[in-house]
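User: I would like a close look at one part of this model, set in the context of the chain that holds it. Please take your time and keep the account connected.

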Amino acid sequence: MIRIPCPFCGPRDHAEFSYGGDGSITYPALDAPLEAWHDAVFLRVNICGRQVETWQHVHGCRLWLKVERDTMSHEIYSVTPADPALAKVLEGGE
Amino acid sequence: MADQVTALRAYHDLGEEAAGSGRPGPARVSLREVLGFALTQFACWPDTLIEAGALAARAAGCEAAPGPGQVATGARGRLLRVEPLKWWLIREAGCAPIADMPAELGAALELSSARTWVRVEGAEASRLLNHFLPLDLRPDAFPPDRVASTAFHHVGITLWRSGGAFELALPRSFAASLWELLVDSARQYGLVTGEAAYALADGGEK
Ligand SMILES: [Zn+2]
């Protein structure tokens with residue numbers, strides 16, 4: 001059981017979220033060679049420890065989030081909206 | 001305005017007391033479909049939040065638009081901040097439509113028939129809901145005028161507390177199924193079912 005502190009909704013059960021995969025990948029340019037796309041999509045490191053992931057609060061506020069989580073302990077270190085414009089909106093309080 | 005489409009009409013023929021079985025003594029849960037409301041969604045952009053919020057607040061007759069997870073009640077309606085860039089405005093059915101918003105500011109969308117409104121009340125209301133909802137519904141954590149969206153049997157719903165009741169906005173196409181789950185589970189506490197007419201005062205301070 002993981003509880004994720006959503007920046008809009010507060011701490012919520014992970015059943016409300018859907019997992020969006022590795023949040024640390026930098027995808028190649030659209031016209032990059034096939035090999036570059038192959039590597040970005042299929043050659044993933046299976047991190048043991050702290051990693052950045054994307055999650056969507058799909059049954060809550062629907063924000064896409066960047067979540068820093070320990071894959072061993074499930075400890076969560078940080079959660080921020082994936083969209084910097086929305087991060088600013090929430091920081092402003094209004 | 002067209003008649004609101006509801007998913008629960010067939011259930012109202014059961015009558016007020018029909019479901020009040022399964023447990024001796026008074027019913028400790030009541031489930032009512034609230035009818036006669038209009039729901040309008042205000043959506044905006046990150047840089048128009050303040051302007052769009054002010055417009056929504058004016059439509060509701062509130063002093064200011066509510067912040068995240070909050071409900072504000074005004075002279076003309078109730079405003080719920082449901083998402084970072086969205087408010088829901090609940091008003092009486094048949095009220096004047098919202099004037100078109102300039103596209104640069106946001107969009108107002110009529111959603112009245114998208115949701116079925118179920119009011120859950122009674123001594124065991126929060127216990128019943130916690131059979132299904134992963135939320136802390138104790139009064140300190142979820143006081144009146146707090147709104148949240150969550151998952152109910154894998155379906156996204158929105159609920160808020162108004163005085164002594166929990167108000168559930170269920171997606172219409174799932175409402176009958178979720179209503180059956182609530183009724184089946186509430187039998188252990190004793191329940192009554194029925195309808196209620198929307199009134200702005202219901203959701204106000206009690
Ligand atoms: Zn959220």
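Where in chain B does B:Asp145 lie, and between which helix and which strand?

Analyst: This is a predicted model, and what follows is computed from its atoms. B:Asp145 lies in the loop of chain B that runs between helix 3, residues 125-129, and strand 8, residues 147-152. The backbone there has a positive phi, near 70°, in a residue that is not glycine. B:Asp145 counts as buried because its relative accessibility is 14%, and the cut-off for buried is under 20%.

Beyond strand 8 there is another loop to consider, the one between strand 8 and strand 9 (155-162) of chain B, and this is the place of B:His153. B:His153 likewise is not a glycine and has a positive phi, in this case of about 55°.

Turning back towards helix 3, one finds charged side chains that pair. In general, side chains of opposite charge can pair when their charged atoms come close. B:Arg127 and B:Glu124 meet through their side chains in a salt bridge, with a distance of 2.8 Å from N to O. Of this pair, B:Glu124 has a relative accessibility of 9% and so counts as buried. A further salt bridge joins the side chains of B:Arg138 and B:Asp136, again with an N to O distance of 2.8 Å. Here B:Arg138 is exposed, because its relative accessible area is 59%, whereas B:Asp136 has a relative accessible area of 37% and is therefore partly exposed.

Helix 4 of chain B, which covers residues 172-186, includes B:Ser185. If neighbours within four places in sequence are left aside, B:Ser185 is in contact with B:Leu128, B:His131 and B:Phe132. B:Ser185 has 12% relative accessibility and so counts as buried.

These details belong to a chain whose secondary structure comes to 4 helices and 11 strands. Chain B has a radius of gyration of 17 Å, close to the 17 Å that the globule rule gives for 206 residues, so chain B is as compact as a globular protein of that length. Its C-alpha trace spans about 55 × 40 × 30 Å along the principal axes. Of the 206 residues in chain B, 54% count as buried, and among the contacts between residues at least 6 apart in sequence, 69% join residues at least 24 apart. The accessible surface of chain B comes to about 9,200 Å², with 53% of that area belonging to carbon and sulfur atoms. As for charge, chain B has 19 positive and 24 negative charges, and the mean positions of these two sets are 4 Å apart.

The salt bridges described above belong to a count of 10 over all chains. Among the others, A:Arg50 forms a salt bridge with A:Glu68, where the closest N and O atoms are 3.0 Å apart. That pair links distant parts of its chain, with A:Arg50 in strand 4 (residues 50-56) and A:Glu68 in strand 5 (residues 64-70) of chain A, 18 residues apart. A:Arg50 counts as partly exposed because its relative accessibility is 48%, and A:Glu68, with a relative accessible area of 22%, is partly exposed as well. Finally, a network of salt bridges links A:Arg62 with B:Glu83 and B:Lys86.

Definitions and conventions:
Residues are numbered from 1 along each chain as its sequence is written. Chains are lettered from A and ligands numbered from 1 in the order in which they are written. This is a predicted model: local features need pLDDT of at least 70, side-chain atom pairs count only at pLDDT 80 or more; totals for chains, interfaces and linings use all residues. Side-chain values use heavy atoms; hydrogens and water are left out. Helices (H or I, at least four residues) and strands (E, at least two) are DSSP runs, numbered from the N terminus. The radius of gyration is taken over C-alpha atoms; the globule rule is 2.2 Å times the number of residues to the power 0.38. Buried means under 20% relative accessible area, exposed over 50%, partly exposed in between (1.4 Å probe, protein chains only). Contact means heavy atoms within 4.5 Å. Accessible areas come from the Shrake-Rupley method with a 1.4 Å probe; for residues, only the protein chains shown count as cover. Lys and Arg count as positive and Asp and Glu as negative; His and the chain ends are not counted. The place of a charge is taken as NZ of Lys, CZ of Arg, CG of Asp or CD of Glu. A salt bridge is a side-chain nitrogen of Lys or Arg within 4 Å of a carboxyl oxygen of Asp or Glu.
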